[in-house]
Amino acid sequence: MWTDIVMVLLILTNMVVLGTSRLRACIRIVATQGVALGVLPLLIHSIETHILIFSIISIILKGVVFPYMLLRTLRQLNVWREDDPYVGYGMSLLAGPITLAFSYWVSTRLPMPFSIHSPMLIPVAFFTLIVGLFLIVSRKKALTQVLGYLVLENGIYAFGMAIANQQPMLIELGTLLDVFVGVFVMGIAIFHISRQFDHIDTDQLSALRD
Amino acid sequence: MIWALILIPFSASLLSLLIRDDKLRRGLLVGSAICHSIIMALSWAQTFIPILGGFFAVDLIAQLFLSIASILFLMTSFYAVGYLKTEKHENKKDFLENRLFNNAPEAVFTACLLMFLAMMTMVVTSQHFGILWVTMEATTLVTAPLIYFHRHHRSLEATWKYLLICSVGIAVSLLGNFFLAIAASSHNGVSIPLMRGELIARGSELWTPWVKVAFIFFLVGYGTKMGLAPLHTWLPDAHSEAPSLVSALLSGALLNCAFVGILRAFEVTAAAGQLVFAQDLLVLFGLVSMLFAAVFIIGQAEYKRMLAYSSVEHMGILALGVGLGGSAVYGSMFHAINHSLTKTALFLIAGNILAIYKTKIAADVRGMLSSIPASGIFWMAGILAITGFPPFGIFLSEFMILRAGIQQGRYFIAAVYLILLAIIFIGISAIALRMAQGRNTRPLDVKVERRSSIMPSAILIFTTLVLGIYIPPHLNNALHVIANLLGGN
């Protein structure tokens, strides 16, 4: 039952992130999503020490560290809204349910060799993944693209939870570390972009082309 | 010994952040590069014991590709010493737009270079698909600051594209990892760990539909990093804006690492009985990459971008060779060596040209043979080598792949391959040879050409020339064994 609540929470956060233009709200929503996902391993697997440690680390990273870093960048840049995305908010919101339906359809077509803890896990993971990709390609601000990357990563993480969790913990931690350093480096890059260009609109990054 | 391979550059990287003295730090860079190369040379004489319960091991593929990376890193580190002497951490004029910019601190640059070597070592030697993924993403993150060494807006744009496109690409291959995990889970609840050796040994137990999906995701994900068209879009930007020695390492070593990722997935897919499926995909991606490269090389204005597109082409040839199977796999592996040596040499020379002519536009560079003869000669030699002119190694390896295509009766593929090679040959030589000949009219800032900026390229080009004439029996055996592993002969 709790797993399903987390799943519903994931769907809701995805929808909200699709329809929100205020960057600060977006960061908080993605953080919420990260925390919800961090709890997931405890609900799916039996509670053991290493799973507990892993959950705590991922909750701290996704719920506290990432939003802190991104909000700090936001304050430094003094950018608060994504005003003019490539795909408008109305269309984005419309794309949400369509993608969700599509994800359900895809997941019915995938034969799983083993039983999954919750039937919602796979479609919701796909949904989150597609929303992440959608955010990356449909938004102009570099910061929103990083959020899209985080949502994409969340989707993949949820997918990883869905399949029997057999990867050694070392690798799970390595994955988290990569995402952490990734967000860190992207944050620095955004800071430099704002200093060079006085904005963080990536559609203006167009000096290099053939 | 594997510990040493990983830990020497790793700890040197951390140390170089602490060292204040520039000379000492440069010494550390060269010193650890030499150590790494010596240990890699030892690996041809004795087998290294796998570490961490077999997570890291030097198998033949690792040995081949890590040796390439190690040699390139050594040569590049010699070049870097001279380069860093001239690139001070101070405000400089941007010759393109007359704006001021400065360079990243040298300590950070050196640290990232060394960390890059450590991460490449881990990518290539890792036997577990998860570790392969983690370290592959790490190479993206440590090379991003290298591309943004010159802090101006163009390199920043290149860095941003690189970070975002490669991170998304690699996220896709993480999904590939999960699909492979599904494929490896057996019906009775006990599943195969994602170790390369075990997956191959028990390949028949894998779920074939999931193995296929996993291979597609690996190919797309690591293919983004490898620069296979149409996922290559970050590559020309990053290569043209990064300092030339970084472009050299990206082209010569990093793209190969991503290729190793694809080869690991390929082995498993083949073991699961899906060899033909994987081969066909590689042929498709290979030819498409060559096509894209040909289209963009014709009339390319900038010489560094031209070299970058040439990398797309050669990555396509590597994929094509493995995809054709048979003796083409041998050719492809041999091609990987030759391409890395030649492309690194060319990028290092391109760095010299950029430093002296202060332009990236090929049409503005004229008369290299008369104004900077040493660079000019090796530029000519490198261009002939990269376009597949005999007796350089690339000619031999491209010919092997062509012959395999004809032997197998795949005339259409062989014809397309040959036509694209010809177009690219014309495109590159038209641009690059004109740079060497003619008379220069620009005011140049020629001091004496430094030996450290010529010797690395000279050694690399000489090596590929020798390989075109004589393949050492040791290497020959290794290439044959690898080809057998990858479904060829």
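Read from the N terminus, the elements of chain A in this predicted model run α-α-α-α-α-α-α. That makes 7 helices and 0 strands for chain A. Chain B mixes things up a little, with 19 helices and 2 strands.

Next comes overall shape. A compact globule of 210 residues would have a radius of gyration near 17 Å, and chain A comes out at 17 Å, so the value agrees with that picture. Along its principal axes, the C-alpha trace of chain A spans about 50 × 35 × 35 Å. Chain B can be put to the same kind of test: for 489 residues the globule value is near 23 Å, and chain B has 21 Å, so here too there is agreement. The C-alpha trace of chain B stretches over about 75 × 55 × 40 Å along its principal axes.

What about the inside? In chain A, 42% of the 210 residues are buried. In chain B, buried residues make up 62% of the 489. Contacts tell their own story about how each chain folds back on itself. Taking contacts in chain A between residues at least 6 apart in sequence, 76% join residues at least 24 apart. For chain B, with a separation of 6 or more, residues 24 or more positions apart account for 81% of the contacts.

The largest nonpolar core has 251 residues. Its best-connected members, going by contacts inside the core, are A:Ala158, B:Phe116, B:Ala183, B:Ala214, B:Leu249 and B:Ile262, a list that draws on both chains. The largest share of this core comes from helix 6 of chain B (residues 153-183), which puts in 20 residues. One of the well-connected residues is worth a closer look: leaving aside residues up to four places away in sequence, B:Phe116 touches B:Thr139, B:Val142, B:Thr143, B:Leu146 and B:Leu249. B:Leu249 therefore turns up twice, as a partner of B:Phe116 and among the core residues with the most contacts, buried with 20 or more other C-beta atoms within 10 Å.

Finally, there is the place where the two chains meet. The contact takes 31 residues from chain B and 33 residues from chain A. On the side of chain B that touches chain A, the elements giving two or more residues are helix 5 (129-147), helix 6 and helix 9 (234-241). Helix 6 of chain B gives the most, with 17 residues. Sorted by chemistry, the residues on this side of chain B divide into 20 nonpolar, 7 polar and 4 charged. Helix 6 of chain B thus appears both in the core and at the contact with chain A.

Key
Residues numbered from 1 in each chain as written. Chains lettered and ligands numbered in written order. Predicted model: local features only at pLDDT ≥ 70, side-chain atom pairs only at ≥ 80, totals over all residues. Helix = DSSP H or I, 4+ residues; strand = E, 2+ residues; numbered from the N terminus. Rg over C-alpha atoms; globule rule 2.2 N^0.38 Å. Buried ≥ 20, exposed ≤ 12 C-beta atoms within 10 Å, placed from the backbone. Contact = placed C-beta atoms within 7 Å. Core = buried A, V, L, I, M, F, W, Y, C linked by C-beta atoms within 7 Å. Nonpolar A, V, L, I, M, F, W, Y, C, P; charged D, E, K, R; others polar.
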